[in-house]
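User: I am new to this structure and would like to learn how to read its features. Could you please guide me through it?

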Amino acid sequence: MRLKDRAAIVTGAASGIGRATAELFAGEGAQVLAVDVPASAIATTFEGVAGVVPLALSITDPGAAERIVGEAVARFGRLDILMNNAGVSGRHLVDQISDDDWNRHLDVNLTAQMKLSRAAIPHLRKSPAGRIVNVASVMAEGTDLGLVAYCASKAGVMGLTRSLALELGRDGITANYLLPGAIETGMTKPLWDARPDVADIWAKKSPLRRRGQPIDLARAALFLASDEAAFITGHGLNVDGGLMLRV
Ligand SMILES: NC(=O)c1ccc[n+]([C@@H]2O[C@H](COP(=O)([O-])OP(=O)(O)OC[C@H]3O[C@@H](n4cnc5c(N)ncnc54)[C@H](O)[C@@H]3O)[C@@H](O)[C@H]2O)c1
């Protein structure tokens, strides 16, 4: 029960890493507001799971950050942990990307993290252990063809999180980010099911010889959200099975 008496927000919680994290946080005693878009299965994902309250709302809607934080505080009377996980990806070469595609990546992957952090800060300040855990990607440091918007948004998450850590440390709030490698989720599975050879390449690139699972990230998020990580802030934690070791 490492999160007993804590209240958390997890975005992108209907699928993949967010879903596994919301379940694990609740299993460790937290009350969790699980946010995802109305078109997702968020309304039914956590049926029968104690401690998780679903909220169907896009984090890019005007005023969404204030609504999400307000809902968490109204339901739980407090807010201790913000897990900014929701994300989108797509492939667009830089000479072909539309303004809409660029803006969608930046809005979901980066700007919403800042807005939710900003809205959460007054409540995290009241917590004995305020925590922000932002999800970046190994593609914040590396890149690949067609990932210009994704990489730029994820590199922004690193800068955002380090700045949050610097500014909020005096309030006892930590801010850290995760850099997932190749993880089997709603974002990757359709591609890998269609191209098992590509899925296999990702597994072989890792010294641990497998692709990551959502629970691998959830466990890392739990550590950063727990009391055990009280003196860790501004840190990026690779959860990639060693994927990025090889040049
Ligand atoms: N899967 C990987 O290999 C991998 C690698 C590196 C980083 N990541 C990052 O991990 C995070 C989680 O992704 P995942 O792999 O679990 O993918 P996923 O597609 O399984 O889950 C992402 C969730 O975010 C939700 N979401 C998207 N836009 C939203 C919005 N506007 N408002 C609310 N929710 C929204 C989606 O509906 C979805 O349920 C993302 O930030 C992603 O960039 C994933």
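Analyst: The following dialogue takes up a strand, its partners, the ligand shell and two backbone angles. Please bear in mind that this is a predicted model.

User: How should one read the two faces of a strand, and which residues of strand β4 lie on each side?

Analyst: The general idea is that side chains in a regular strand alternate between the two faces of the sheet. In the present case, strand β4 spans residues 81-84, with I81 and M83 on one side and L82 and N84 on the other.

User: Are these β4 residues buried or exposed?

Analyst: I81, L82, M83 and N84 are all buried, and both faces of β4 are thus covered. A residue is called buried if 20 or more other C-beta atoms lie within 10 Å of its own.

User: Which strand pairs with β4 over three bridges, and in what sense?

Analyst: Strand β1, residues 7-11, pairs with β4 in the parallel sense over three bridges. Within this pairing, L82 of β4 is the bridge partner of I9.

User: How many bridges join β4 to β5?

Analyst: Four bridges join them, and the two strands run parallel; β5 covers residues 131-135. Here M83 is found opposite V133 of β5.

User: What unit do β4, helix α4 and β5 make?

Analyst: Together they form a β-α-β unit that is right-handed, in which α4 comprises residues 99-124.

User: Let us turn to the ligand. How many residues surround it, and which are the closest?

Analyst: The ligand is surrounded by 29 residues, of which G12, G16, G87, T185 and G186 are the closest. Two elements, α1 (16-27) and β2 (31-36), give two or more residues to this shell. The largest share, three residues, is that of α1.

User: How do the residues of the shell divide by character?

Analyst: The shell holds 13 nonpolar residues, 15 polar ones and one charged residue.

User: My last topic is the backbone. What is notable about the phi angle of D5?

Analyst: D5 is not a glycine, yet its phi is positive, at about 65°. This residue belongs to the segment before β1. D5 counts as exposed because 12 other C-beta atoms lie within 10 Å, and the cut-off for exposed is 12 or fewer.

User: Where is R209, and what is its phi?

Analyst: R209 lies in the loop between α7 (196-205) and α8 (214-225). Although R209 is not a glycine, its phi is positive, at about 60°. With 10 C-beta neighbours inside 10 Å, R209 is exposed.

Key:
Residues are numbered from 1 along each chain as its sequence is written. This is a predicted model: local features need pLDDT of at least 70, side-chain atom pairs count only at pLDDT 80 or more; totals for chains, interfaces and linings use all residues. Two strands pair if DSSP finds at least two bridges between them. A crossover is right-handed if, with the strands pointing away from the viewer, the path from the first strand over the helix to the second runs clockwise. A residue is near a molecule or strand if its C-beta atom, placed from the backbone, lies within 6 Å of it. Ala, Val, Leu, Ile, Met, Phe, Trp, Tyr, Cys and Pro count as nonpolar, Asp, Glu, Lys and Arg as charged, and the others, Gly among them, as polar.
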